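Hi,

Here is the structure I said I would pass on. Have a look at it first, and my notes follow underneath.

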Amino acid sequence: MDSLPPGPQPGQRRNSNLRAHYNNFDRISTVLVDGDGESQIVDADSLRGPVVPKKVTVTMDMDGQLSIDEDGHPTGKKETGFYCTPGQIFCAIFVGLAVAAAVGFLAFYLPVRTCRNRSVIGDPTNPAIIPDPTIRIPTRKPTIIPAATEEPWMGRLPLNVRPLRYDLTLTPYLYPEDVFNGPGRRRFTFDGAVNIRVRCEEVTNVITLHMNNITVYDLQVTSMSDPHANNLVRNSTLDAYYEFLHIRLSEDLRVHENYEIRIIYLGSLLQDGLVGFYRSSYINVRGEEKWLATTQMQPTDARRALPCFDEPELKAVYDIVIRHRSDMTALSNGIEITTRPWQGYKGWKETIFKRTPKMSTYLLAFVVSDFTYTANYTTNNVLYRVWSRPGAADSREYALDQGVRMTTYFEEYFDYPFPLEKQDMVAIPDFYSGAMENWGLILYRETALLYDPKVNSATTKQHVAVVVSHELAHQWFGNLVTPFWWDDLWLNEGFASYVEFLGVDYTQPGWEMRRQFLVDDLHTVFTADALGTSHPVRVIPINSPDDIGEIFDAITYNKGAAIIRMLNNILTEEVFLKGLADYLKLHAFENTNSDDLWASLTYADRHFGRRDVKKLMDTWTLQMGYPVLNFHRLSNTSVNVSQKHFLINPETTVEQRFGNLGYVWEVEFSHTHASERQYDTPRRTFLDREVSKVFELSPGVKATDWYLSNIKQYGYYRVNYDKTNWDRLTKQLLDDHKVIPVENRAQLINDAFNLARAGEIDQITALNLTAYLDKEREYLPWDSALTVVNYIRDMYSRHPGYGPLEKYMLQKITPLYESLDWNDDPVNDPHLKQINRINAVHIACVYGLEHCLMKATQLYAAYMANHTLYNPITPNLKLTVYCNGIKEGGQDEWDFGLERLKETTDSAEKNLWFYGLACSQEPWILSRYLELVFDSEVVKHQDAFLVIRFVAENYVGRALAWDFVRANWNRLREQITHYPLMKAFQSIARYFNTEYELLDLLDFLDGYTLHQGVRTFDHAIEQTLANIRWMNTNGEEVMDWLKMVTRDIKS
Ligand SMILES: [Zn+2]
């Protein structure tokens, strides 16, 4: 699945990368901790059977010799850590935090809203992190109600029967005239009939499968070996909490015999939540409302479409028939075999689909619509179709071209042909996530699939290419080979999030996607993973649906991608691709866990680096966070390096519930120096879970040289230097910045500002690095700089430091702005120049550059005067024009924007207006705008969180958005559902930076029933504390520096 859409804002695209949407659950798992260089790797072949996988021990001895012990026993130890007993209802830990040293201390206690312990990381004798005993404990008590899932989670299927094949027939009723006579049937329901062939693995007289929001009319279980067998069903019950259907039988099932479960049922085509088999709608060119039925099953909503064994490990094949109106088309995972009249039902047809490959339930998909398509074939003769509402037919060509070419690329990359005859990609008008990778039938939000060069920007074009690439990568990584359970979701999503850049790099080589990875994925997740409330990518244990829902996040996607990219770089492309191809062939149509991939890569590396990949990667997957490497030069050639868990707020507490490996990592770090400048094959040094060591710079280094580590930022670690080296690097940037690779210019800025936020270096060292920016013309360092400066800008929104910051940024951005100007040529300008221009023009206007504001308001006025004729604004600069036209204007300009929002049928254009309308400086207009969240004719439920987020990004609207969300919390939760609301909440809370706001936040959380979203709230509190700390320790110093360097600039 891809993320929620990022929204159109330049410079802050990455802030929207959190991908939490859906719920699931887990049984308690066990962490395999290796003690002394041993790795437990699950044997590939043993996974083909239904029994517990055989463990194979792969050992690497001192000289790199691999030995494999095939009768090894599972030697994993239970994860250590502290858990509250199930009987404990309230588990609150009081954490005292002394903040605001300059203004006296302020103490808070933070209720921990789940039953888990926290402990302070690092040296417990360190006085800096021991709560002050004089802290005032407020008498106010939290009224937190723990989630019902505090009880042990018993929601896993028993595996005593396994599904082999589903025969499924579905009949959706979308229009009033569709409904036939029959019990319970009405518009927006569907009839279902499913025959599930199962194999008995253990003697049992109860079959348990999943079912949700379904009414069963008939239920039978018969033996397949006896054609005249009786119905074995004695009775059945529904366990609504675990969404289980328990079928009790009149006799025991016999092991290794096949049985058939036959269920006739009725389901609902709900629109709330956009999950399961649901309905969506759009207005056609004649103004008529048209309906469609579509799906979103991942992770646990296939059970809303059919009773099924809804866990990823329980793969089966599917024979699907869909009955539908003759004026509509039905699609499913397999290609249509035939479409024929439905006997006895005039005006109806039935479409029969080819049997699917063996696959997981969460990948099932059906679409019944009046959509049209554009088609082509891949070089391997796979039929490729892009579907949309007919009015968007002009916007399909780009995605089709990308999809066809990327499919061929991935077939070569994975060395495995695409196994289906066709690939459909459909733009769904109502869709919560960015896209869903259903095998052979990928579904997208419209903004992630449709691109019209006459209307949409280069940013939209890139978004479409990236999401298409991501979903296509899943066709192999996720669909062909699937994790056993959601604790390895990171493997699916991390992998797709990495190779999505490679797919686009193949089709669009000039876009430098491999470089863009740094600012799009890596720098974003570095921020999230520097919190004590982060989590390991491999989340063990997962005990509840909420746990699963919350790991569809930046850690799972972006960190997963970043550590796979790092591993690719360490192993080399040759070894990595070989291991990958072996892994896919070995486990095709089956399930795996992370260790299976490590085993294949270890095997591929046996004649090369001879690394124990599991041992290496466990330090990156089984503990949260990442290290900062601190370098201190000891002599001309000798450098001491030490590693430390990097935390953005060193006073924070680090969550202990996931366990850790001592917060040391296996780091293979690269380095070079001024006299060498070896950027392509730099020297590497290995830290084997050592805290520190001394290494030598390569020969030829001079005493006055700078040195540089993490070349091109392949490593998932931050780099800190001695002060002398920082100064030398700063001087090099000022003298000739092009000597340092563009990736490292971006990295130096991102690292330095975050190190300064954490107090690892002084703020001035970081600020000095930006002094050269007036000479910088490349997209990557600028994008990196804008992200870190945006943080300071957000902190200063109500602070006297804002004026000097504005002066400074205008001085730095103006040369870039003038070099790019408004002469946008979307056809002939290189793509990177276009997105660089989008950033530069937008930021110039944000900081109030007069020329920029004048151009924007002139263009907006020109559009208002002639909107019935044409839009004079180039697609790339619409965002800036809409925003500033409204910001500088009044009610007329805003009303004009609202009319355009209502008028346009282009979803990406709608998003621009959502952003532009939030730029008003009038509180009453912004309040009126927020109320539109409840008018689904103007703001679809799927877009409501965008409106709230954009208003919150406007300083004038920030407090309004917070008041609005608080006042309407329950209503919003019902209408836009939980996870989009969490995103809206996050987008507001990230700006909190005063003690007042922290207390306000705690007050709000006190009164909230915390069944879901605990992690989001933990992040918000931790982020607020980090912001307060930054303001107190750096706010004045940064302002003084900005004043000093801008004192000669006239306002
Ligand atoms: Zn995905």
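Let me start with the cysteines: C883 and C919 form a disulfide, with 2.1 Å between their sulfur atoms. Before you read too much into that distance, keep in mind that this is a predicted model. C883 sits in helix α17 (residues 878-888), while C919 belongs to the loop between α19 (907-917) and α20 (923-931), so the bond ties together parts that are 36 residues apart in sequence. The dihedral about the S-S bond is -105 degrees, which makes the link of C883 and C919 left-handed. Both C883 and C919 are buried.

How many disulfides does a search of the whole structure find? It turns up 2. The other link joins C845 to C852, with an S to S distance of 2.0 Å. The link of C845 and C852 is left-handed too, at -105 degrees about the S-S bond, and both of these cysteines are buried. If you number the bonded cysteines of the protein in sequence order, the pairing reads 1-2, 3-4.

Two further cysteines are worth a glance for their surroundings. C200 has a relative accessible area of 0%, so it counts as buried. C308 is buried as well, also at 0% relative accessibility.

Now for the strands, beginning with β17 (residues 348-353). Why call β17 largely enclosed by the rest of the structure? Because 5 of its 6 residues are buried. Strand β14 (residues 317-325) pairs with β17 in the antiparallel sense, over 5 bridges. Strand β16 (residues 336-341) also runs antiparallel to β17, and 5 bridges join the two. E350 is a handy residue to click on here: E350 in β17 is the bridge partner of R323, and E350 is the bridge partner of R340 as well. The hairpin of β16 and β17 has 6 residues between the strands, and G344 in that hairpin takes a positive phi near 90 degrees.

Elsewhere there is an open sheet of 3 strands, in the order β7-β10-β9, with antiparallel pairing. β7 (204-210) and β9 (233-239) stand at the edges with a single partner strand each, so one side of each is left without a neighbour in the sheet. From one strand to the next, the twist averages 20 degrees. As for the pairing of β7 with strand β10 (residues 244-253), 6 bridges join them. One residue pair to look up there is T208 with H246, its bridge partner in β10.

Last, some backbone geometry you may want to check before setting anything up. Which residues does a cis peptide bond join? Q298 and P299, with omega at about -5 degrees. P299 lies in the loop between β13 (289-296) and β14.

Then there are positive phi values in residues that are not glycine:

- F589 has a phi of about 65 degrees. F589 is placed in the loop between α7 (573-587) and β25 (591-592), and its relative accessibility of 25% makes it partly exposed.
- R677 has a phi near 50 degrees. R677 lies in the loop between β29 (666-673) and β30 (683-688), and with a relative accessible area of 43% it is partly exposed.

That is what I have for now. Over to you!

Terms used:
Residues are numbered from 1 along each chain as its sequence is written. This is a predicted model: local features need pLDDT of at least 70, side-chain atom pairs count only at pLDDT 80 or more; totals for chains, interfaces and linings use all residues. Side-chain values use heavy atoms; hydrogens and water are left out. Buried means under 20% relative accessible area, exposed over 50%, partly exposed in between (1.4 Å probe, protein chains only). Helices (H or I, at least four residues) and strands (E, at least two) are DSSP runs, numbered from the N terminus. Two strands pair if DSSP finds at least two bridges between them. Axes are lines fitted to C-alpha atoms, for helices over the stretch in contact, and angles run from 0 to 180 degrees between N-to-C directions. A disulfide is a pair of cysteine sulfur atoms within 2.5 Å.
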